[in-house]
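Got the viewer open? Load the model, keep the selection tool handy, and follow along stop by stop.

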Amino acid sequence: MIVKNVQLETVAGITSVLPKNALPEFAFYGKSNVGKSSLLNALIGRKSYARISSEPGKTATVNYYNVNGSLYLVDLPGYGYAKVSEKTREQWKKMTERYLTGSAMLKQVFLLIDMRHEPGANDLAAVSWLEAKGIPFTVVLTKADKLSKNEQAKMQNVIRKAVTCPKETVFLPVSAEKKEGIGAIWEKIETLSENGCGEI
Ligand SMILES: Nc1nc2c(ncn2[C@@H]2O[C@H](COP(=O)(O)OP(=O)(O)O)[C@@H](O)[C@H]2O)c(=O)[nH]1
Ligand SMILES: [Mg+2]
């Protein structure tokens with residue numbers, strides 16, 4: 001995908017009505033600090049278009065990035081951010097779930113898991129929730145550059161076992177830092193947008 005132009009078109013907050021877009025949407029979900037914004041920047045080829053926060057998890061909005069007028073990359077609030085109240089966390093979760101269940105144009109969720117660690121309870125809960133709702137997702141393993149090739153293979157197995165998702169679930173290791181695995185994500189996005197992919 002050659003990204004010619006990107007525009008942060010809509011920023012939806014807790015009380016916002018979510019837009020009814022006509023273009024396919026691809027959402028990025030995961031624990032705060034897992035690397036969502038960094039991955040979005042790597043995908044769109046910009047250094048810091050999506051905000052990379054030194055204070056992780058601060059994003060409490062659903063951000064729609066229009067790419068080339070042909071699709072949206074959607075950045076969702078992260079889960080598991082310890083520095084906000086239980087009530088705030090619950091509101092963010094509700095908003096995210098409202099987006100994930102309510103968007104007619106959502107084609108795929110990229111669920112990001114930090115490749116260096118075993119998935120946490122909230123990662124496993126996110127996987128189960130997506131499965132229960134029948135929302136198609138791909139697991140993206142982030143920060144691959146922090147591990148050797150051997151460690152990457154080992155952790156991929158560990159994570160695959162822990163999440164107990166169907167065998168055909170795709171796992172894509174990426175490094176936003178080293179720009180590795182970015183092409184594979186674009187390939188997936190392009191295939192799904194071209195096919196129209198009426199899975200949802
Ligand atoms: N080494 C390495 N660090 C990364 C990578 N992706 C993100 N990070 C770092 O992880 C932290 C959180 O990243 P961010 O994109 O803001 O995470 P978000 O909260 O999920 O949006 C930042 O310090 C990033 O520089 C990666 O691929 N490799
Ligand atoms: Mg972020």
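Start by selecting Cys165: this residue counts as partly exposed because it has 18 C-beta neighbours inside 10 Å (20 or more other C-beta atoms within 10 Å would make a residue buried, 12 or fewer exposed, and anything in between is partly exposed, with C-beta atoms placed from the backbone). A quick note before moving on: this is a predicted model, where local features need pLDDT of at least 70 and side-chain atom pairs count only at pLDDT 80 or more, while totals for chains, interfaces and linings use all residues. Residues are numbered from 1 along each chain as its sequence is written, and chains are lettered from A and ligands numbered from 1 in the order in which they are written.

Cys165 sits in the loop between helix 4 (149–163) and strand 7 (171–173); helices (H or I, at least four residues) and strands (E, at least two) are DSSP runs, numbered from the N terminus. Now add Val127 and Glu131, which Cys165 touches, leaving aside residues up to four places away in sequence (contact means C-beta atoms, placed from the backbone, within 7 Å).

Next, select helix 3 (residues 121–133), which joins strand 5 and strand 6 in a right-handed β-α-β unit. Right-handed means that, with the strands pointing away from you, the path from the first strand over the helix to the second runs clockwise.

Finish on strand 5 (residues 106–114): 9 of its 9 residues are buried, so the rest of the structure largely encloses it. Strand 5 pairs in the parallel sense with strand 2 (residues 25–30) over 6 bridges; pairing takes at least two DSSP bridges between the strands. Here, Phe28 stands opposite Phe110.

Note on methods. Contact = placed C-beta atoms within 7 Å.
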